[in-house]
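Work through the exercises below with the sequence and the coordinates at hand. Each task is followed by a solution in steps.

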Amino acid sequence: MKAGVYVCHCGNNISDTVDIGELIDFARGLEGVSVVRDHLFMCSEMAWEMIRRDIVNGLVDRVVIAACTPKNHEKFFRSALEAAGLSKYMLEIANIREQCSWPHKSEKKYATEKAKLLVRSAVSKAALLEPLEDITFSIEKSVLVIGGGIGGITASLDLGNMGYRVYLVEKEPSVGGKLTKFDKIFPLNDCASCVVSPMMAEVATHPLIELITYAEIEDVEGSFGNFRVRVRKKQTYVDWDKCIGCGACTTVCPSKARVPDEFNEGLGWRTAMYIPSPHAVPRKAVHDPNVCVNCGKKTFGTKRFLRNGKEYLTPCEKACPTGAINRSIRWDPEGEIIELDIGAIIVAVGYQVMDKEVFKEYAPHSPNVITALQFERILSPTGPTEGRILKPSDMQKPNAISFISCVGSRDARYHTYCSKVCCLYMLKQARLVKEKNPEINVYIHMIDVRAPGKDLEEYYVQTRQLGINIIRGKVGGIEVLPDGKLRILGFDADIGTPVEVEVDLVVLATAIELPEDARKLARKLGINIDSSGFLKEDHPKLRTVESSLDGIFIAGCCQGPKDVSETIAQAKAAATAVAALMAGDKVRVEPYIAEVSNELCGGCGICISLCPYNALEMAEGSDETEKRVVKRDVRTCKGCGICVSSCPSGAISLSGYDDDQISAQIGAMLGVMAVRV
Amino acid sequence: MSDEFRPNIIGFACQWCAYQSADLAGTLKYEYPSTIKLIRVPCSGRVDSAFVLEALALGVDGVFVAGCPEAECHYRFGNRIAKIRTAMLRNILPEFGIESARLRFEHVSSSDAVKFVEFAKEFDKQIRKLGPTPLRGDKHE
Ligand SMILES: Cc1cc2nc3c(=O)[nH]c(=O)nc-3n(C[C@H](O)[C@H](O)[C@H](O)COP(=O)(O)OP(=O)(O)OC[C@H]3O[C@@H](n4cnc5c(N)ncnc54)[C@H](O)[C@@H]3O)c2cc1C
C-alpha cells in the first residue's frame, strides 16, 4: 500500500496546539505510508490539487487526511480522489481539530501524542479500505400520495407541476378533507372553500395527477424507488364514467333509506344514494348498500318486470339521465384492485377528533352538547342550519353558548399533548357567532390561551374585544337542567372560585388524534408511531417530513396537530424532498451496507430479529441439500451494523466499518498489532 | 517512567450523536482529558462485544460506548442493544480480573457537548482512581 498522509495546520487552529513537525515525522515512520505532506489549509483548492496529483502520479493509492471532523470536508476530499480516478472511499480522516487541538489546547504535549494515535489509527484503517463504489438504483418516477386533504392536495399539485406522475388515493368519495367542512378559517377568517375548492378542481384535472377516490391502500411491497402498491377502489355501484353528478338519484332516494350524514358530522341525514358534499370532487354519486331499502324489492343483480312486460326500474335508476345506475348488474362488493408502481410515497391522512361520547362528565347525551367540528357545520352555509346559529335539539336560536377547551388534550387520562389549533378555532367560532348574532352570550373556558404564530396573538386580542367572556379554568362537569338548559360547572382561576354558567349550547374542543385506520396503514408501510400516537418523523428537527424509511414521507396533521398554513408548509416540504430524491435517473447511496457470506451463514436468523428495517430475510434453499441462508436487501439496508455485531458465525460484514478495520483502529491506539479475541 | 498515571481510554462513538457531541465540544473549545480517544462507528449497536474485550485485553485502561439518547436512536434501537451488551459485558469482566467500572455505556445527544465533556472528565477520573489495567503489561509500548 501507498498511503498519503496530509496534515492540515488549519491556519493556526491545529498548529498552535499540535506540533505539526513532530506529527509529520511520526507519520513518515508508519508502515505503508509513502507520502506525508502538510498544508496551511488542506481544504483549499491548492491542497486538493496536490492530493489529486499525488494519486495521478502513482505516489499514493489511499489518502489519510489529518484535519477537521469528517463532517466538514469529507465530500470535498472524496472529490479529489474521484477526480484522480481512485475510488472515493479510499479515504480516511483523522479528526485532529475538533477532537484534538481544540479541546486539548492547554495540554499541548499530550495533544500531539493524541494526534499521533489518531493518525496511526486512521492509517491502519486506511490499509484495509476497499475501493468501494456507490450503490445505484433505478427509480420509478411516480409518487403515491395517500390522503386527499389540504396536505395531500398541496403535495400532489406541487409534484405534478414539477413533472412527476402522481397518484392521489383518498378513502372518501371526494377529496378536500376537513377544510370542506369549514365556513371560515383563522387567522384571516377568509372563506375556507375559496381556499380549497380551486385546489380540489386543479388536482382532479391535472394531466399528471390521477385521482383515485373512495379507495384505500391494500398492501405495499418493495422499497424506495420501486414500491409496488395495491389499491382497493371500493364499490360505488354507480358507473362513474357515466355519472355527471347531477344529483337526481339522491333526491328520489326514499327518506327511510337514511343514515347520519358524515359530511355534516352526524347533524343531518343522507340517503343511500348520495353525493358526499356540495363541494365534492369528483362530483359523483355513491350508493351505500347498507342503507338501501331495495325499492320494489329489486336487489342488485336482479331484473324485475312489470305486469305489462316492461322492466321495473327503481327510482334512482329512473332518475338517472345517463344510465349510470343499473341495479341489474352484479356489482362486485369488493370493488376493484389497482396495482401501481411507485417511486416514493407521501402519507397525508390527516386527523380525526375525539368523540364526545368519551366524556361522560360533559353530558354527551344532550343533543346540545356538540364537538367543535359539528359546530363548524352549524356555522357553514352548506350545513344543516344553512349557517344560522341554532340548537340541534329544536332548531331554535341559543341565548348563550359555552366553548370548552382541552377536552381530551393536555389531560393525562387521554392525551398529554396540546391539540394546538383549538384555542384559535374556538376564538374563530366565537367571533363568527358574535358577528352573526351579537346578542348571543359567548363564554370560552380555557386552561390558558395559546396563540403563538404569525398574526395569531393579534387575532386573540381582537376577538376578546368583541365582548367574549374568556374564563380561565378547567370545567369539571356539565349538568342538564330539566328545561334542557346546560349548567357549566366551571372554575375561574383568576379569581380562584368556582363559577357556574347556564347556556343553551356547549361546544367541546375535543382532541385531535391520528385517524383510526391510519395505524393499520402505518403498519403496512412500516412507519413508526410516536409517543403522542401520531406518525413519527425521522428526526424532530432535521428530518421532519421524512419517515424513518427511505422514500416514505409524512405531511399534515397525521404527523401532529397543525393549522392549515403549517400543513401546507409541511406538504410542500415533503413534495420537495420527494422531488430532490427522485431528481436523477438513479439514486446513489453510500456503499456502507451489510454483506452476508453464504458460506459462513448458519441460518440461525438472529440478525433477522434484530434488523430495524426488515432488510434481512431467510432464503430457503432451492432443495433439501441447499442450506438456509440469510439474504440482505440492498435497498432497505441502512448500514447500522447491528446484524454484524450480533452474528454468532461472523458471517456478516459491513463495508467501511468492518471488523478488521475497527480492530486495526483499536490496535493502533495502543501501538500493538490487533488480535481478535 | 513518568510519575503520574495517564490512562489510555477508547470510546466507541456513534456517528450521529456521541461523535458529533465531541465535535461540538471541540468547536465550543470545551476542554476534556486528552486520554479520551474516539473510534467512529455508524451506530453504537455496531459495537461488537469482541471490540470491547479486544481493547481491554490489549491493555486499554477504560472503554466506553456512546450512543444516541434513549428513544432517539438513528437506527431505531441500536443504542438499546449496545446498552444491554455493555451491561452484560460489565457482569462478566470481573471473571477476567477486570473491574466492571472500566466499561461504560453513555447516551449523549449530538447537541449535548456539556454532557459529553462532563462524562469524559468523570470517566477519566474514575479510571485514574482505578489505576492501570491489571492486563497492562509487556504488550504495551
Ligand atoms: C374544529 C376545527 C376547526 C379548525 N379550524 C381551522 C382554521 O380555522 N384554520 C386553520 O388553519 N386550521 C383549522 N383547523 C385545522 C385544520 O383542520 C387542519 O390543519 C387541516 O385540515 C389539516 O389538513 P390535512 O390534509 O393534514 O388533514 P385532513 O383535512 O384531515 O385530510 C386528510 C384526508 O386524508 C383522508 N384519509 C384519511 N385516512 C385515509 C386513508 N387511510 N387512506 C386514504 N385517505 C385517507 C381523509 O379522508 C381526508 O380527506 C381546524 C381543526 C378543527 C378540528
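Two residues are in contact here when heavy atoms lie within 4.5 Å. The model is predicted.

**Exercise 1.** Find how many residues chain A and chain B each bring to their contact, and state the area buried between the two chains.

Solution.
- Step 1. By the contact cut-off, chain A contributes 53 residues and chain B contributes 49 residues.
- Step 2. The size of an interface is often given as the accessible area lost when the parts come together.
- Step 3. For chain A and chain B this buried area is about 4400 Å², with 55% of it on carbon and sulfur atoms.

**Exercise 2.** List the polar links across the interface of chain A and chain B, then describe the side of chain A that touches chain B.

Solution.
- Step 1. The interface of chain A and chain B holds 21 residue pairs in polar contact, counting pairs with both residues at pLDDT 80 or more.
- Step 2. The salt-bridge rule finds four across this interface. One of them joins Glu74(A) to Arg40(B), with 3.6 Å between the closest N and O atoms.
- Step 3. On the side of chain A that touches chain B, two or more residues come from each of α3 (70-83), α4 (97-101), α5 (108-126), α16 (642-646) and α17 (659-670) of chain A. The most come from α17(A), which gives eight residues.
- Step 4. Sorted by class, this side of chain A has 25 nonpolar, 16 polar and twelve charged residues.

**Exercise 3.** Identify which residues come nearest to the ligand, and give the distances from ligand oxygen atoms to Ile150(A), Gly151(A) and Lys428(A).

Solution.
- Step 1. The ligand has 33 residues around it, and those that come nearest are Glu170(A), Tyr351(A), Lys428(A), Lys562(A) and Val564(A).
- Step 2. For the backbone, a ligand oxygen lies 3.2 Å from a polar atom of Ile150(A), and a ligand oxygen lies 2.9 Å from a polar atom of Gly151(A).
- Step 3. For the side chain of Lys428(A), the distance from a ligand oxygen to an N or O atom is 2.7 Å.
- Step 4. The ligand taken alone exposes 1000 Å², of which the protein buries 97%.

**Exercise 4.** Which elements of chain A each supply at least two residues of the shell around the ligand, and how is the shell divided by class?

Solution.
- Step 1. The elements are α6 (150-161), β8 (184-185), α10 (372-379), α11 (422-436) and α14 (564-582) of chain A.
- Step 2. The largest share is that of α10(A), with three residues.
- Step 3. The shell comprises 15 nonpolar, eight polar and ten charged residues.

Technical notes
Residues numbered from 1 in each chain as written. Chains lettered and ligands numbered in written order. Predicted model: local features only at pLDDT ≥ 70, side-chain atom pairs only at ≥ 80, totals over all residues. Heavy atoms only, no water. Near = heavy atom within 4 Å. Polar contact = N/O pair within 3.5 Å; in protein donor to acceptor, adjacent residues only side chain to side chain. Areas by Shrake-Rupley, 256 points an atom, 1.4 Å probe, with all protein chains shown as cover. Helix = DSSP H or I, 4+ residues; strand = E, 2+ residues; numbered from the N terminus. Nonpolar A, V, L, I, M, F, W, Y, C, P; charged D, E, K, R; others polar. Buried area = accessible area lost by both parts, 1.4 Å probe. Salt bridge = Lys/Arg side-chain N within 4 Å of Asp/Glu carboxyl O.
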